[in-house]
Amino acid sequence: MPINTEPLHRILELERKKGYVDSAVIGGLDRFLSQWASQTIESITNPRLLSRFHKLHLVSPNYASLSKQQRKQWVDDVLNFLTEVEHRGAEKGGAKLTLVASRSSSVARGRRAVAHQSIDSPVTVIKGVSSSLATKFSKLGVKTVRDLLYFFPRRHLDYSQRKSISQLIEGEEQTIIANVWEAREIRLGGRRSTEATVGDETGNVRVVWFNNPYLARKLATNTQVVISGKVGLFNGRHVFESPEWELVEDRDLIHTGRLVPLYHLTQGLRPRQVRKLVKEVVDQWAWQVEDFLPSVLEERCDLLELPQAIGQAHYPENEVAKDRARVRLAFDELFLLQLGMLNGKRDWQESQPGNPLTAKTAALNTFLKSLPFELTAAQQRVLRELMADLQKSQPMCRLLQGEVGSGKTVVAAAVLLVAAANGYQGAFMAPTEILAEQHFNTLCQLLSRVGHQDEKEGYLHSYSGLLSHPLTVALLIGDINQVGKQELQQHILAGDINIVIGTHALIQKGVEFHQLGLVVVDEQHRFGVAQRSALRQKGFNPHMLVMTATPIPRTLALTLYGDLDLSVIDQLPPGRQAVKTKWLKPGQRDSAYAFLRRQVASGRQAFIICPLIEESETIQAKAAIAEYQHLSEEVFPQLRLGLLHGHMSAVDKDEVMHRFRSGELDILVSTPVVEVGIDVPNAAVMLVESADRFGLSQLHQFRGRVGRGKEQSYCMLLTESPSVVAKKRLDLIEKIQDGFQLAEEDLKLRGPGEFFGTRQSGLPDLRMAKLSDIALLELARSEAIRLFQTDPRLAMPQHHLLAKELARVWQKGGEWS
């Protein structure tokens with residue numbers, strides 16, 4: 001058996017680089033060597049080499065017990081020994097020894113050839129990548145050499161389990177090394193294909209490749225080949241059907257006999273072609289990737305070096321190496337995300353002073369006493385946290401989480417009032433016009449209880465008696481006519497309006513504030529970082545409160561909103577009942593409709609959510625209209641139905657919502673726009689069509705639209721053909737009412753992109769990080785905070801590469817600070 005010196009050579013070089021701390025291999029060198037040496041000693045037939053092998057105590061070196069100087073001497077001696085073995089090629093495995101040396105030299109030649117090129121060069125600098133091939137890779141987001149290095153496999157096939165032909169088992173992924181006895185072209189199912197007979201010392205096996213006639217010419221008789229794939233049975237005999245194959249040559253295996261990567265593909269890219277190209281790029285370019293993590297941090301967290309992690313992520317030696325590579329690369333993503341967030345928070349809070357507000361206790365107390373309910377203990381605690389922030393010279397940056405109906409809007413109204421009492425303007429931004437109008441109406445209702453309404457125009461209300469000056473509230477949305485919009489913008493600029501409520505219209509260029517002191521953003525996951533920043537820039541570093549009814553696990557919230565402090569209203573107002581929830585199969589549709597009719601007959605109202613359609617809002621609107629017509633004409637002809645979708649004008653939407661709230665409509669048919677915020681206390685039934693196509697958090701949001709009155713409420717989830725994962729989601733929402741518990745479960749079942757419905761614009765991509773990996777999230781966050789406390793501007797020499805990488809990832813360009 002030939003000696004493979006390469007693994008030990010590579011490990012000892014890494015041990016030398018790490019400073020002889022016994023961290024080059026998991027479990028320590030002693031453990032690795034006991035396995036390697038016991039296998040290797042049987043292959044050494046040269047007496048002099050065998051004598052040296054024993055003198056070096058390679059079977060049991062007790063490396064862990066040696067001093068640093070002794071370790072250095074021992075590593076140097078072993079490396080000299082390995083070099084001699086590689087150059088001799090004298091024993092039985094001489095061909096293999098030559099193979100290792102020749103492969104190392106070919107990689108070295110490749111590295112020398114690309115040394116003058118940057119890894120940020122276009123992929124066309126790679127040998128064999130034409131402009132046509134580059135266009136195909138571009139469709140997958142791969143444009144540079146760096147992109148290709150970070151183009152990680154979606155998964156690996158385990159072809160590492162090598163067996164002899166006599167050991168093959170039906171139905172399992174297995175690998176054999178065999179000689180080709182015969183290969184010929186045949187016709188299978190009318191298609192030209194290849195059939196081969198291959199064998200080893202234990203027997204022969206048939207191999208067929210459908211629709212691949214060229215292989216018959218490629219597989220010459222007596223060629224040695226590696227075959228990996230699933231073994232089937234045909235006429236009682238084992239057969240490989242269209243397996244991966246590879247000739248035994250003087251290079252690493254790529255497609256067989258190992259953990260084999262599977263990459264995302266597009267039209268015109270073939271699996272073998274991509275694997276071969278990536279392997280060459282990793283071998284020749286990965287060493288150029290600068291390891292930007294400080295070495296102290298790397299050692300403290302026991303992380304692989306970056307070039308090694310990239311290589312092992314693509315072509316891992318084993319499952320342990322693959323997992324260690326993922327941990328290193330995932331840590332990088334989360335660590336850079338945290339540093340970027342912390343930097344953003346520092347910029348907001350320290351780049352220029354904020355506007356400290358006084359508590360204005362009299363106005364606040366008057367407002368709170370006028371409310372028709374008492375604040376819950378959780379609301380009171382959060383209001384105290386916000387007031388403490390507002391009184392600081394550093395601008396507030398806070399995320400307020402709270403279940404649907406927990407009372408976030410009242411808390412927001414209180415702090416907007418405090419800003420107005422201090423002479424500053426407040427901006428309140430919602431994700432949809434419907435929700436913006438609802439916030440406007442809610443705020444006006446609350447203020448009308450405590451102040452005298454002086455003026456009332458469609459989009460402008462004014463109240464006196466609460467402050468020393470009239471309090472003016474305006475609604476600015478895209479549906480207002482141009483003349484009305486310009487008038488409102490002039491009033492905002494002049495400072496005549498104290499609180500402005502709107503949608504994205506608030507961050508348009510035409511809207512300028514006189515003195516913006518507080519920004520409230522509702523349903524943060526609908527807005528990206530860039531949009532938040534644009535709104536902040538409207539004022540002199542205003543305080544910012546971000547609110548969401550999407551329950552997010554604490555660690556995840558700290559990760560995705562690391563630039564914000566966290567407050568949680570974790571208590572619902574007294575008297576709220578649990579919403580009875582049931583998921584139904586297609587055959588139960590008629591009984592669901594019958595139940596809904598009975599509820600309406602008893603005086604309740606209902607929502608019906610139309611199926612989720614991905615293509616576009618226009619198609620969504622058309623589908624909603626068709627569903628509305630079907631329901632109103634064929635299913636509920638005696639009931640009063642209304643329709644709500646995203647393409648309706650604000651006037652039409654407002655009219656429908658007004659009719660539903662006032663009880664003129666029995667059923668509101670809606671697209672998923674109803675998910676956020678709409679409040680109708682008499683609505684007691686929520687029926688969701690195609691519920692298996694929504695995520696847990698979205699379904700929980702829908703459910704939160706009912707159960708706001710005194711009557712028992714119900715949520716029925718109609719399904720089409722739920723997958724196994726969808727069934728798990730539906731089972732969970734039946735059993736669990738707590739939104740934060742559901743959010744934890746949602747993260748386990750789905751990725752972060754799906755969790756939020758839309759990608760967080762402005763944030764770096766997460767390719768390897770799993771946001772369900774709480775331990776790694778916490779480690780990355782704690783290390784980022786630790787580094788930020790010692791060197792917030794990354795000015796120390798040892799942090800130069802990190803600052804450069806951070807600027808690249810966050811696409812800021814130039815200096816990180």
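Does Ser690 count as buried or exposed, and at what relative accessibility? In this predicted model, Ser690 counts as buried, at 2% relative accessibility, and the residue is found in the loop between β22 and α23. Although Ser690 is not a glycine, its phi is positive, at about 50°.

## The chain as a whole

The protein chain has 28 helices and 23 strands, and buried residues make up 54% of its 817 residues. Among the contacts in the chain with a separation of 6 or more, 71% are accounted for by residues 24 or more positions apart. The accessible surface of the chain comes to about 36400 Å², and 49% of that surface belongs to carbon and sulfur atoms.

## The sheet of 9 strands

One open sheet of 9 strands follows the order β11-β12-β13-β14-β10-β15-β16-β9-β17, and its pairing is mixed. The edge strands of this sheet are β11 (452-457) and β17 (565-569), each of which pairs on one side only. From one strand to the next, the twist averages 15°. Within the sheet, strand β9 (residues 397-402) pairs with strand β16 (residues 543-548) in the parallel sense over 5 bridges, and Arg398 has Leu545 in β16 as its bridge partner.

Helix α15 (residues 408-421) packs on this sheet, where it touches β9, β10 (425-429), β13 (471-476), β14 (499-502), β15 (516-522), β16 and β17, and the direction of the helix makes about 170° with that of β15. Helix α16 (residues 433-448) lies across β10, β11, β12 (460-464), β13, β14 and β15, and runs at about 165° to β13.

## The sheet of 6 strands

A further open sheet has 6 strands in the order β18-β23-β22-β19-β21-β20, with parallel pairing. Because β18 (580-584) and β20 (641-644) each have a single partner strand, they stand at the edges, and one side of each is left without a neighbour in the sheet. The twist here averages 15° from one strand to the next. Strand β22 (residues 683-688) and strand β23 (residues 714-718) pair over 4 bridges in the parallel sense, with Val685 standing opposite Tyr714 in β23.

Helix α23 (residues 696-703) lies across β18, β19 (605-609), β22 and β23, running at about 150° to β22. Strand β21 (residues 667-670) includes Ser670, which is buried with a relative accessible area of 0%. Leaving aside residues up to four places away in sequence, Ser670 touches Ile608, Ile609, Cys610 and Leu644.

## Aromatic rings and charges

A pair of aromatic rings is described by the distance of the centres and the angle of the planes. By the rule applied here, the count comes to 9 aromatic pairs. One of them joins Phe331 and Phe335, which are stacked at 5.4 Å centre to centre with 15° between the planes. Both residues lie in helix α12 (residues 319-350), 4 residues apart, or about one turn of the helix, and both Phe331 and Phe335 are buried. Phe694 and Phe702 form an aromatic pair that is edge-to-face, with 5.0 Å from centre to centre and 90° between the planes. Phe694 is buried, with a relative accessible area of 0%, and Phe702 is likewise buried, with a relative accessible area of 0%.

Ring pairs also link Phe137, Phe151 and Tyr263 into a cluster. Turning to charges over rings, the charged end of Lys279 sits over the ring of Tyr315, 5.6 Å from its centre, while Arg328 lies over the face of Phe292, at 5.8 Å from the ring centre.

## Loop residues with positive phi

Asn222 has a positive phi of about 75° although it is not a glycine, and this residue lies in the loop between α8 (215-218) and β5 (224-234). At 56% relative accessibility, Asn222 counts as exposed, because exposed means over 50% relative accessible area. Ser690, with its positive phi of about 50°, instead counts as buried at 2% relative accessibility, because buried means under 20%.

Conventions
Residues numbered from 1 in each chain as written. Predicted model: local features only at pLDDT ≥ 70, side-chain atom pairs only at ≥ 80, totals over all residues. Heavy atoms only, no water. Helix = DSSP H or I, 4+ residues; strand = E, 2+ residues; numbered from the N terminus. Buried < 20%, exposed > 50% of the residue type's maximum accessible area, 1.4 Å probe, protein only. Contact = heavy atoms within 4.5 Å. Areas by Shrake-Rupley, 256 points an atom, 1.4 Å probe, with all protein chains shown as cover. Phe/Tyr/Trp six-rings, centres within 6.5 Å; stacked < 30°, edge-to-face > 60°. Lys NZ or Arg CZ within 6 Å of the ring centre and 35° of its normal. Pairing = 2+ DSSP bridges. Axes fitted to C-alpha atoms, helices over the stretch in contact; angles between N-to-C directions.
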